[in-house]
Amino acid sequence: MQYSEPILKAVKKIGGGVMLPHKKRTAENPSVPLPPPEKVVIPMLQHIGAPCQPLVKKGDTVYVGTKIGDSEQFVSAPIHSSVSGTVSAIGNIMLPSGKECQTVEIVSDGLMTPDPELKPFFVNSKEDLIAAARASGLVGLGGAGFPSGVKLNFSPDKQPDTLIINAAECEPYLTCDYRECMENSENILEGIYLIKEILGFEQVIIAVEDNKPKAIKALYEMAADSRDVGNKIKLMTLKSKYPQGAEKVIIYSATGREVPMGKLPIDVGCVVMNVTSVSALNTFIKTGMPLVNKKVTVDGNAIKEPKNVIVPIGTPIKDLLEFCGLKTHPRKILYGGPMMGTAVLNTDMPILKQNNGILAFGRKGAFKPDEHNCIRCGRCAAVCPMRLRPFEIEHAQNIGDIDRLKALNTDYCMECGCCSYACPSKRNVTQAVRLAKTKLRAAR
């Protein structure tokens with residue numbers, strides 16, 4: 001396709017990173033809704049920050065969008081019912097991260113009746129937008145789960161000039177952000193305009209990897225919209241290289257700015273929002289319906305019919321596996337992609353706000369090669385996008401050298417998994433660095 005205006009290219013090339021097989025076989029599969037589940041189990045911790053406290057009790061009637069959990073802490077996000085029905089229990093769960101939290105269990109009535117008190121949320125100021133982001137229960141939908149109401153609540157002395165819309169979706173298998181671009185482009189565009197005007201960004205960069213030509217076409221048409229007075233919204237294609245979609249990496253690629261260790265994107269004049277997060281926020285503002293479902297890619301070599309599925313939050317993973325079918329008994333199931341995803345213990349685990357994929361693998365896909373001794377080849381350092389020395393961090397972690405871990409800037413690791421992927425000795429380098437970061441937190 002010929003474009004009337006040039007599409008921006010990355011300002012800086014990603015340092016390190018790895019080339020991965022894409023395996024985006026669900027890319028052209030339109031998203032399909034999951035039938036109402038019989039029961040949902042909704043954890044009160046689905047975000048970075050303080051857990052919510054249940055606002056309902058056993059026997060209460062709830063609707064789709066009813067607020068069922070909240071916290072008075074600043075870094076938190078409220079949680080809402082994803083089905084209509086009756087609260088059957090207040091329980092507990094251990095999440096794959098190892099953290100325990102309370103849950104609200106709801107038996108669905110199968111009707112999916114919206115809460116009658118929901119109404120559009122009018123936004124005319126920065127304070128209104130921040131309130132809307134919090135009230136919607138929105139968190140970063142690209143994986144980390146940082147509350148959006150906190151991200152947008154920056155102080156006047158740190159006014160950012162650039163909003164980056166992250167549509168990179170660089171992990172293998174995952175295509176739910178791509179489907180959002182294809183299916184809800186107008187909703188995304190409305191959200192971008194609203195955020196830009198209310199928060200006063202000088203420019204908006206919609207960043208997408210160059211392996212998504214149809215998404216590039218759709219996003220280009222968004223960026224070239226006649227409503228963009230002053231041509232402030234630009235489309236940028238990025239080289240398809242993992243972890244191109246990581247927040248600090250995409251800021252560097254799009255603007256050339258580096259986020260120093262211990263600092264946030266706002267400190268270099270940037271705010272990064274996942275493309276699906278923008279869409280969800282605009283939906284809440286227009287309708288009053290908070291974040292109650294999630295578009296999830298279901299794939300892996302154990303899945304019979306890979307799909308993008310619109311899932312009520314709190315739905316057990318087993319419901320998705322039944323919906324898509326299994327070719328073989330899964331030996332490993334992941335929340336998220338194969339690089340940064342987290343293994344789950346069983347299929348009773350619920351879908352969370354920040355989940356963008358459920359991958360199920362049979363014996364072959366779950367095979368874990370034996371570790372061998374480090375040969376000091378330095379490949380892990382060569383592919384590290386944060387320019388760390390993972391092999392040295394692993395050694396310092398093994399001997400418990402806290403001072404050395406600090407000197408090696410261990411906390412700067414984003415746990416992208418490139419080091420483990422590139423290691424010829426098949427060492428679990430990323431896991432060692434995770435343990436090292438845990439030791440540093442405990443030491444502080």
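These legends go with an overall view and several close-ups of the predicted model shown above.

Because this is a predicted model, local features need pLDDT of at least 70 and side-chain atom pairs count only at pLDDT 80 or more, while totals for chains, interfaces and linings use all residues. Residues are numbered from 1 along each chain as its sequence is written, and side-chain values use heavy atoms, with hydrogens and water left out.

**Figure 1. The whole protein, with its 14 helices and 18 strands.** Helices (H or I, at least four residues) and strands (E, at least two) are DSSP runs, numbered from the N terminus. The radius of gyration comes out at 21 Å, close to the 22 Å that the globule rule gives for 444 residues, so the protein is as compact as a globular protein of that length. For that comparison, the radius is taken over C-alpha atoms, and the rule is 2.2 Å times the number of residues to the power 0.38. The C-alpha trace spans about 65 × 55 × 45 Å along its principal axes. Of the 444 residues, 54% count as buried; here buried means under 20% relative accessible area, exposed over 50%, and partly exposed in between (1.4 Å probe, protein chains only). Among contacts (heavy atoms within 4.5 Å) with a separation of 6 or more, 74% link residues 24 or more positions apart.

**Figure 2. The surface and charges of the protein.** About 19800 Å² is exposed, and carbon and sulfur atoms supply 52% of that area. Areas come from the Shrake-Rupley method with a 1.4 Å probe; for residues, only the protein chains shown count as cover. There are 55 positive and 45 negative side chains, and the centres of the two sets lie 7 Å apart. Lys and Arg count as positive and Asp and Glu as negative, leaving out His and the chain ends. Each charge is placed at NZ of Lys, CZ of Arg, CG of Asp or CD of Glu.

**Figure 3. Helix α6 (residues 247-255) and what covers it.** Seven of the nine residues of α6 are buried, so the helix is largely enclosed by the rest of the structure. Those buried residues are V249, I250, I251, Y252, S253, A254 and T255. Their cover includes β10 (162-166), β11 (203-209), β12 (233-238) and β13 (270-274). Just past the helix, look for G256, which takes a positive phi of about 80 degrees.

**Figure 4. Strand β13, one of the elements covering α6.** Five of the five residues of β13 are buried, so this strand is largely enclosed by the rest of the structure. C270, V272 and N274 point one way, V271 and M273 point the other way, and all are buried. β13 pairs with β10 in the parallel sense over five bridges; strands are said to pair if DSSP finds at least two bridges between them. To get your bearings, find C270 of β13, with T162 standing opposite.

**Figure 5. An open sheet of six strands with mixed pairing.** The order is β2-β15-β14-β18-β16-β17. β2 (32-33) and β17 are the edge strands, each pairing on one side only. Within the sheet, β14 (residues 293-299) and β18 (residues 357-361) run parallel and are joined by three bridges. D299 has L359 of β18 as its bridge partner.

**Figure 6. G337, in the loop between β16 (332-335) and β17 (342-343).** G337 counts as buried, at 2% relative accessibility. Leaving aside neighbours within four places in sequence, G337 is in contact with E171, L174 and L359. That L359 is the β18 residue that serves as bridge partner of D299.

**Figure 7. S148 and G140, around helix α2 (residues 148-151).** S148 sits in α2, while G140 lies in the loop between α1 (126-135) and α2. Both count as buried: S148 at 4% relative accessibility and G140 at 18%. Neighbours within four places in sequence aside, S148 is in contact with A133, L138, V139 and G140. With the same neighbours set aside, G140 is in contact with G145, F146, S148, S277 and Q354.

**Figure 8. An open sheet of three strands, in the order β4-β6-β7.** The pairing is antiparallel, and the edge strands β4 (53-54) and β7 (79-80) each pair on one side only. Two bridges join β4 to β6 (residues 67-70). Here P54 stands opposite G69 in β6.
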